[in-house]
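Biologist: I should like to go through the assignments made for this model and hear the criterion behind each. Please show the sequence and structure first.

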Amino acid sequence: MSTNPPFGPGTGPGLGHRFEEIIDLIELELRHAIGYVNDSVVPHVRRESITAMRRVSDTLRNLADRFEASGNRQNPPPGQDRNPAQNPPQNASGSSSRDPRA
């Protein structure tokens with residue numbers, strides 16, 4: 001004789017009842033999964049994201065500082081041009097060493 005109950009009308013809980021039990025179990029597991037994600041995963045991801053954003057922020061700040069420093073080296077003080085040929089060196093009397101007849 002078989003150990004499985006026979007199928008058929010009036011032989012026990014119907015197929016619809018079995019589906020309801022399965023759906024209830026799936027909903028229960030989903031609630032557990034959602035709770036786990038909310039309680040464990042989300043806070044961890046939030047902490048890691050904050051750390052990553054702070055690192056990116058520091059890197060961008062350092063890069064901006066480097067750009068600013070290299071820009072200051074390339075921009076001469078006011079009154080001087082970038083091309084040294086346009087501003088010839090001056091002698092001790094303060095006059096240009098360039099020939100004024102040129």
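The exchange below sets computed values against the definitions in use.

Modeller: This is a predicted model, in which local features need pLDDT of at least 70 and side-chain atom pairs count only at pLDDT 80 or more, while totals for chains, interfaces and linings use all residues. Residues are numbered from 1 along each chain as its sequence is written, and side-chain values use heavy atoms, with hydrogens and water left out.

Biologist: What makes up the secondary structure of the chain?

Modeller: The chain has one helix and zero strands. Both terms refer to DSSP runs numbered from the N terminus: H or I over at least four residues for a helix, E over at least two for a strand. Helix α1 covers residues 15–74.

Biologist: How do you know what span to expect of α1?

Modeller: The expected span is 1.5 Å times one less than the number of residues. With 60 residues, α1 is expected to reach 88 Å, and its 82 Å from first to last C-alpha is close to that.

Biologist: Where in α1 is the kink centred?

Modeller: The kink, of about 35°, is centred on valine 37. The bend at a residue is the angle between axes fitted to the seven residues ending there and the seven starting there.

Biologist: Why is the contact of glutamate 21 and arginine 18 called a salt bridge?

Modeller: A salt bridge requires a side-chain nitrogen of Lys or Arg within 4 Å of a carboxyl oxygen of Asp or Glu. The N to O distance here is 2.8 Å, so the pair qualifies. The two residues are three apart in α1, about one turn of the helix.

Biologist: Which other residues meet in a salt bridge?

Modeller: Aspartate 58 and arginine 61 do, at 2.9 Å from N to O. They too lie in α1, three residues apart. The search of the whole structure finds two salt bridges.

Biologist: Why is aspartate 58 called partly exposed?

Modeller: Buried means under 20% relative accessible area, exposed over 50%, and partly exposed in between (1.4 Å probe, protein chains only). Aspartate 58 has 40%, so it falls in the middle class. Arginine 61, at 46%, is also partly exposed. Buried residues make up 0% of the 102 residues in the chain.

Biologist: What is the class of phenylalanine 19?

Modeller: Phenylalanine 19, in helix α1, is partly exposed at 48%.
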